[in-house]
Amino acid sequence: MKIAYWFRDKIIAPFLSSLFLFIVIGGGSTYSTGNWWKWFAQIPTVGWILLGVIFVIWISLIIIRNYFIRKEKESPSQPFRMVYKEKKVNQLKYADVIWVVLVSVNIENAFDLDPERITPQDLYIDIPPRCPNCETEMEQNPSILIGYSWKCIKCGFKKHNNYSFSTEAERARKIASRKLEIFQAKENHR
Ligand SMILES: [Zn+2]
C-alpha cells in the first residue's frame, strides 16, 4: 500500500502535471498558430533551464516534506502508566530483529504473575526492537525515498525495512498473541 501511495505522489502526480502543462502549451500553440510545436520552439534555453530548476526544487520539497512527516510519525510516545508496570514475558525474532514481549501487570500483583491468566490482549511489544547480534536497542531513521534504515549503534548491524518500528511491532504482537493462544490451548488440554 505504501509503495502504491509513493508511486502516486512521486511519479504519477508530477507526470500528470507535466502532461497537463504540455497539453496547455501545445493546445494554445495550435489554437493561435495552427502548429502544436510553435510555442515550444519559442521557449528560450533560459526558459527550459528555469523549468528544470523548478522541477528539481519541487521534487526536493516533496521528498523533504515526506521525510519530516515520517520522522514526526515515528517519534516515540510512551503511554502513561501509573499503577501498571511492564514485565518481560518473552521475546521473538521477526523482521530480522528481536522484539521484547511485555505484559502490563498491576504493581500490587507484580510478584505473582501467572502465565495462565495472561490473555493475548495483555501482550504488547516494546519499541525499539533489539539487535539480533548484541541485543542493543535499535535506532531508526527514514530512508531518503522509501522505508526506514534500522541500525545498531553498538555492533553496527544495519538493515533496511519497508515498514516502521511501530508497524512491525504491531505485527510482532499478533504473532506473539497467537503463540500464547496455542500455548494456553495445549495447557488446557492436558
Ligand atoms: Zn548490535
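**Group meeting: strand β5 and its surroundings**

Let me start with strand β5, residues 148-151. One face is covered, and it carries Tyr 148 and Trp 150. The other face is uncovered, with Ser 149 and Lys 151. That pattern fits a general rule: in a regular strand the side chains alternate between the two faces of the sheet. A word of caution before I go on. This is a predicted model.

Now the partners of β5. On one side there is strand β4, residues 139-142. β4 and β5 run antiparallel, and 4 bridges link them. Pro 142 sits opposite Tyr 148 of β5. The two strands make a hairpin, with 5 residues between them. Look at Gly 147 in that turn: its phi is positive, about 75 degrees.

Then there is strand β6, residues 158-161. Its pairing with β5 is also antiparallel over 4 bridges. Two of the bridge partners are worth marking. Trp 150 pairs with Lys 159 of β6. Tyr 148 pairs with Asn 161 of β6. β5 and β6 form a hairpin as well, with 6 residues between the strands. Here Gly 156 takes the positive phi, near 85 degrees.

Put the strands together. We get an open sheet of 3 strands, ordered β4-β5-β6, with antiparallel pairing. Which strands stand at the edges? They are β4 and β6. Each has a single partner strand, so one side of each has no neighbour in the sheet. On average, neighbouring strands in this sheet are turned by 25 degrees against each other, direction ignored.

Next, one residue of β5 in detail: Trp 150. Is Trp 150 buried or exposed? It counts as buried, because it has 23 C-beta neighbours inside 10 Å, and the cut-off for buried is 20 or more. What does Trp 150 contact, beyond its neighbours within four places in sequence? The list is Val 97, Met 138, Gln 140, Lys 159 and Asn 161. Lys 159 we have met already, as the bridge partner of Trp 150 in β6. There is also a C-alpha distance to note. Trp 150 and Glu 139 are 11 residues apart along the chain, and their C-alpha atoms are separated by 5.6 Å.

Let me step back to the whole protein. It has 4 helices and 6 strands. From the N terminus the order is α-α-α-β-β-β-β-β-β-α. Of the 190 residues, 12% count as buried. Now take contacts between residues at least 6 apart in sequence: 46% of them join residues at least 24 apart.

On to the core. In general, for soluble globular proteins, nonpolar side chains tend to be buried together. Here the largest nonpolar core has 19 residues. Which of them touch the most other members? They are Trp 99, Val 101, Ile 125, Ala 169 and Ala 176. At least two core residues each come from β2 (97-106), β3 (123-125), β5 and α4. β2 supplies the largest share, 6 residues.

Take Trp 99 from that group. Outside its neighbours within four places in sequence, Trp 99 contacts Gln 91, Leu 92, Tyr 94, Ile 125, Pro 129, Ala 169 and Ala 172.

Helix α4 runs over residues 165-188, 24 residues in total. From first C-alpha to last it reaches 34 Å, close to the 34 Å expected at 1.5 Å a residue. Its buried residues are Phe 165, Glu 168, Ala 169, Ala 172, Arg 173, Ala 176 and Leu 180. Glu 168 and Arg 173 are both on that buried list.

Last, some backbone geometry to check. Between Ile 127 and Pro 128 there is a cis peptide bond, with omega about 5 degrees. Pro 128 lies in the loop between β3 and β4.

The loop between β1 (84-94) and β2 holds Ala 95. Ala 95 is not a glycine, yet it has a positive phi of about 55 degrees. Asp 96 is in the loop between β1 and β2. Asp 96 is not a glycine either, and its phi is positive, about 70 degrees. How do they differ in exposure? Ala 95 is partly exposed, with 19 other C-beta atoms within 10 Å. Asp 96 counts as exposed, because it has 12 C-beta neighbours inside 10 Å.

That's it from me. Questions, please.

Methods: Residues are numbered from 1 along each chain as its sequence is written. This is a predicted model: local features need pLDDT of at least 70, side-chain atom pairs count only at pLDDT 80 or more; totals for chains, interfaces and linings use all residues. Two strands pair if DSSP finds at least two bridges between them. Axes are lines fitted to C-alpha atoms, for helices over the stretch in contact, and angles run from 0 to 180 degrees between N-to-C directions. The expected span of a helix is 1.5 Å times one less than its number of residues. Two residues are in contact if their C-beta atoms, placed from the backbone, lie within 7 Å. A nonpolar core is a set of buried Ala, Val, Leu, Ile, Met, Phe, Trp, Tyr and Cys residues joined through C-beta atoms within 7 Å.
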